[in-house]
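The following paragraphs lead through a single protein chain, from its overall composition to individual side-chain pairs. The sequence and the model should be kept in view while reading.

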Amino acid sequence: MSAERFGGLRARIAVEAARLMVEEGVDQYFTAKRMAAKRILGQVEGRRARCRPADLPSNGEIREALLLLVERAEGSGRTRRLFALRIVALEAMRALAPFSPRLIGSVSTGHIRRGSDVDLHVFPADEEALERHVRALGWIFDRERVTIQKGGEIREYVHYHVADVAPLELTVYAPRELRARPRSSTDGKPIVRLGIAALAALCARDHPAAWERYLETGEVDGMDALLEADEEAPLPGPFDGLLDDGAEGGDEPACAEPGEEDDPDQDYDPLPGFEGVA
């Protein structure tokens, strides 16, 4: 069965998978594409048909369909929520400055959707010091240890899930890993990691009016929209639904880096215009 013969099968599956993620709360690309394929192929000539791995869309194709659906549904409200999420991230990173926090995921790339959380990597020399620091901040959190198999090795990661205006997820790494280049399970490219100064510069570039208002008054444009969206959104999972389990044939099974959320799709190197910003 070819995509061409059935009017763009890959595109149809990608759109249906995106719809499942947005409307029905499916939280993994892998699950969404399989469910979408089953639904669409079950409608072909009144009988269930098999599809080749080549007919399944990539995670990147589903991501693009997902973003298009979100943009159509939310319009300008999405941009305002993005700014609010970036300010939540910025203030959290300033509070965590001793541990070299780095922002990753949809809040850095701008590819947010309802339920998106703020994913931060932190690099403490002593994890107990990090936990004492978080407690001293008065943050309410749950600590979780996750064991995964990656690259043939068993690896353990510690996460702190922090309750805030938007959920924060802190993933703990050793300081030596600060300059590592973890790769996205979505597209295999290095994950973007933004430091405090780079995030501030990004806010100034992408949201100039809202950023100036924030600097002058402390008011955050979009915070109300963020709170309203969170009341309606399904509770996010620890990876915010974008863990790539891989697929048969074309995509090898891959385990996402802990905390990786919503398909980072740019290089780890600084974003254009931020080459000199740490």
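Two strands are taken to pair if DSSP finds at least two bridges between them. With that criterion in mind, one may begin at a single position in this predicted model: Leu103 stands opposite Leu120 in β2. On the other side of the pairing scheme, Leu120 has Leu170 in β5 as its bridge partner. A further cross-strand position is Ile104, which stands opposite Asp119 in β2.

These positions belong to an open sheet of five strands, arranged in the order β1-β2-β5-β4-β3 with mixed pairing. The edges are formed by β1 (102-104) and β3 (140-150); each has a single partner strand, so one side of each lacks a neighbour in the sheet. On average, neighbouring strands of the sheet are turned by 30 degrees against each other, direction ignored. Strands of a sheet pair through backbone hydrogen bonds, in either a parallel or an antiparallel manner. Both senses meet at β2: three bridges connect β1 and β2 (residues 118-122) in the antiparallel sense, while β2 and β5 run parallel and are joined by five bridges.

How is β2 placed with respect to the rest of the structure? Five of the five residues of this strand are buried, so β2 is largely enclosed by the rest of the structure. Its side chains divide between two directions: Val118, Leu120 and Val122 point one way, Asp119 and His121 point the other way, and all are buried.

Helix α6 (residues 127-136) lies across β2, β3, β4 (153-163) and β5 (168-172), and runs at about 150 degrees to β3. A salt bridge also connects this helix with the edge strand: the side chains of Glu127 and Arg143 meet at 2.9 Å, N to O. The pair links distant parts of the chain, with Glu127 in helix α6 and Arg143 in strand β3, 16 residues apart. Glu127 counts as partly exposed because its relative accessibility is 21%; Arg143, with a relative accessible area of 38%, is likewise partly exposed.

Attention now turns to the helices in the early part of the chain. Helix α1 (residues 9-23) has 15 residues and, at 1.5 Å a residue, should span 21 Å; its end C-alpha atoms are 21 Å apart, which agrees. The buried residues of α1 are Leu9, Ile13, Ala14, Glu16, Ala17, Ala18, Leu20 and Met21. An α-helix has 3.6 residues a turn, so residues three or four places apart point the same way. Just after α1, Gly25 takes a positive phi of about 75 degrees.

Helix α3 (residues 59-74) contains Leu69, whose contacts lead back to α1. Not counting residues up to four places away in sequence, Leu69 touches Val15, Ala18 and Arg19. Leu69 and Val15 are 54 residues apart in sequence, and their C-alpha atoms are 8.6 Å apart in space. Leu69 counts as partly exposed because its relative accessibility is 29%.

The structure holds 16 salt bridges. In one of them, Arg39 is paired with Glu24, the closest N and O atoms being 3.2 Å apart. Arg39 lies in helix α2 (residues 29-41) and Glu24 in the loop between α1 and α2, so the pair ties together parts that are 15 residues apart in sequence. Both partners count as partly exposed, Arg39 because of a relative accessibility of 33% and Glu24 because of one of 40%. Another salt bridge joins Arg63 to Glu64, with the closest N and O atoms 3.4 Å apart. Are these two residues buried or partly exposed? Arg63, at 9% relative accessibility, counts as buried, whereas Glu64, at 43%, counts as partly exposed.

The view may finally be widened to the whole chain. Its secondary structure comes to nine helices and five strands, which follow the pattern α-α-α-α-β-α-β-α-β-β-β-α-α-α along the sequence. Of the 278 residues in the chain, 49% are buried. Among contacts with a separation of 6 or more, 68% involve residues 24 or more positions apart. The chain exposes about 13,100 Å², of which carbon and sulfur atoms supply 49%.

Methods
Residues numbered from 1 in each chain as written. Predicted model: local features only at pLDDT ≥ 70, side-chain atom pairs only at ≥ 80, totals over all residues. Heavy atoms only, no water. Helix = DSSP H or I, 4+ residues; strand = E, 2+ residues; numbered from the N terminus. Buried < 20%, exposed > 50% of the residue type's maximum accessible area, 1.4 Å probe, protein only. Contact = heavy atoms within 4.5 Å. Expected span 1.5 Å × (residues − 1). Axes fitted to C-alpha atoms, helices over the stretch in contact; angles between N-to-C directions. Areas by Shrake-Rupley, 256 points an atom, 1.4 Å probe, with all protein chains shown as cover. Salt bridge = Lys/Arg side-chain N within 4 Å of Asp/Glu carboxyl O.
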